[in-house]
Amino acid sequence: MTAAGDRAPREAGGRRSGVLDRTLCVAPMLDWTDRYCRRFHRLLNPRALLYTEMVAAPALLHGDPARLLAHDPGEHPVALQLGGSEAAELAACARLGEAWGYAEINLNLGCPSARVRAGRFGACLMADPGRVNECVAAMVEAVRIPVTLKQRIGIDQADDYDHLARFVDGIARAGCGVFIVHARKAWLQGLSPKENRDIPPLRYDRVQRLKGDFPRLEFVVNGGIGDLDQAVALLRGLDGIMLGRAAYHHPWLLAEAMPRLFGVPMPFARRTDAVRAFRPFMDRELAAGTPLSRMTRHLLGLFHGRPGGRRWRRILSTEAQPPGAGLEVVERALAQVSEESRL
Ligand SMILES: Cc1cc2nc3c(=O)[nH]c(=O)nc-3n(C[C@H](O)[C@H](O)[C@H](O)COP(=O)(O)O)c2cc1C
């Protein structure tokens with residue numbers, strides 16, 4: 001264990017942060033892992049560490065913290081991912097995150113999008129380790145919860161192992177003990193963010209080598225993990241795995257991960273039970289004015305590959321859209337799927 005992870009838990013926003021289990025993390029995904037998505041994922045997996053979408057530090061400091069940070073207590077534990085490159089700003093945002101009850105503050109060094117680059121944060125910061133060290137040190141100083149990094153294995157031409165190892169070593173000295181590594185480099189020019197998630201080859205061996213060279217640091221591997229067999233294999237020798245697209249498109253994987261990764265029963269025997277368990281939350285949110293589709297859009301992949309899965313997706317993606325749509329739409333979709341799933 002290292003500096004950030006060793007810190008004593010203390011009351012943060014009314015709850016204890018404690019030691020976090022990072023065996024299974026669900027990746028930060030802009031527009032996808034909003035608070036509705038996370039509430040559903042939490043039902044499916046009580047043990048995973050969930051990440052927010054990236055919140056840009058300037059937006060948080062000059063905008064409305066309640067809008068950007070509010071979440072349901074039932075989501076915990078949740079890590080707040082920040083984007084930024086100014087140490088003082090990031091420290092102030094980390095403090096806000098801690099006060100709002102987040103369990104970890106994560107700094108985004110993996111996003112290559114032009115917009116993020118224009119703000120001088122995300123993956124381009126990997127070219128400026130001195131600045132990252134300053135930012136990390138300021139955040140570690142500001143909060144008692146862990147400060148972690150999500151990064152690539154390299155950017156552009158700076159993609160050899162020694163470069164990566166030096167980068168990690170420097171940041172560990174600044175007080176970060178947990179590295180989530182998307183096991184691909186990023187090309188800052190020429191590839192879109194989407195292409196940068198698929199085209200550069202996966203190098204899990206680089207993350208495994210980091211763990212061998214820095215055994216006291218925690219390494220969570222991310223990128224291209226599509227099923228639980230692969231997750232189990234990668235967990236041998238690493239501290240955790242982070243699932244992004246697979247968890248979003250096939251959320252039932254999260255339930256199946258309970259026996260496979262944690263050795264405990266699935267929280268629900270059937271997918272339909274999970275939807276029923278989500279109903280009280282949706283009901284409360286509808287009463288507070290949240291449109292149904294903001295919640296049901298995260299449920300579309302639940303029956304993927306199952307009888308009735310297409311019908312489920314079609315009913316939710318069309319009938320949940322109109323203003324005023326309520327839980328009767330979910331009931332209709334559910335009735336179809338339960339009938340067909342019994343076949
Ligand atoms: C729609 C979408 C939005 C994303 N937004 C973020 C983000 O806000 N912050 C971040 O660090 N990574 C973001 N990512 C990258 C993921 O966190 C993850 O690193 C990437 O998808 C690779 O993991 P996977 O192959 O398991 O999906 C995003 C990915 C997707 C598909």
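This report describes selected helices, buried loop residues and backbone features of one protein model.

The model is predicted; local features need pLDDT of at least 70, side-chain atom pairs count only at pLDDT 80 or more, and totals for chains, interfaces and linings use all residues. Residues are numbered from 1 along each chain as its sequence is written, and side-chain values use heavy atoms, with hydrogens and water left out.

**Helix α8**

Helices (H or I, at least four residues) and strands (E, at least two) are DSSP runs numbered from the N terminus. Helix α8 covers residues 161-173. Its 13 residues should span 18 Å at 1.5 Å a residue, and the end C-alpha atoms are indeed 18 Å apart, which agrees. The expected span is 1.5 Å times one less than the number of residues.

At the N-terminal end, Asp160 caps α8 through a side-chain oxygen that lies 3.3 Å from the backbone nitrogen of Asp162. After the helix comes Gly175, whose phi is positive, near 115°.

Buried residues have under 20% relative accessible area, exposed ones over 50%, and partly exposed ones fall in between (1.4 Å probe, protein chains only). In α8 the buried residues are Tyr161, Leu164, Ala165, Phe167, Val168, Gly170 and Ile171. They pack against several elements, among them β7 (104-109), α7 (129-142), β8 (147-155) and β9 (178-186). Contact here means heavy atoms within 4.5 Å.

Phe167 also touches Met126, a residue whose other contacts beyond four places in sequence include Leu109, Gln151 and Ile153. Met126 lies in the loop between α6 (114-118) and α7, and counts as buried at 5% relative accessibility. Met126 and Ala172 are 46 residues apart in sequence and 14 Å apart in space, C-alpha to C-alpha.

**Helices α2 and α13, and His298**

Helix α2 (residues 35-44) packs on helix α13 (residues 271-287) at an angle of about 150°, with the axes 10 Å apart. Axes are lines fitted to C-alpha atoms, for helices over the stretch in contact, and angles run from 0 to 180 degrees between N-to-C directions. From α2, the contact is made by Arg35, Tyr36, Arg39, Phe40, Leu43 and Leu44, and from α13 by Ala274, Ala277, Phe278, Phe281 and Glu285.

Tyr36 and Phe40 are also among the contacts of His298 made outside its neighbours within four places in sequence, which include Asp31, Trp32 and Tyr248 as well. His298 is found in the loop between α14 (292-296) and α15 (309-319). With 1% relative accessibility, His298 counts as buried. Its side chain reaches the backbone oxygen of Arg294 at 3.4 Å. A polar contact is a pair of N or O atoms within 3.5 Å; within protein, one must be able to donate a hydrogen and the other to accept it, and residues adjacent in sequence count only if both atoms are side-chain atoms.

**Backbone features in loops**

Most residues other than glycine have a negative phi, and most peptide bonds are trans. The table lists two residues with a positive phi.

| Residue | Phi | Loop | Relative accessible area |
|---|---|---|---|
| Asp31 | about 75° | between β3 (24-26) and α2 | 51%, exposed |
| Asp156 | near 45° | between β8 and α8 | 23%, partly exposed |

A cis peptide bond joins His76 and Pro77, with omega about 0°. Pro77 lies in the loop between α4 (65-69) and β6 (78-83).
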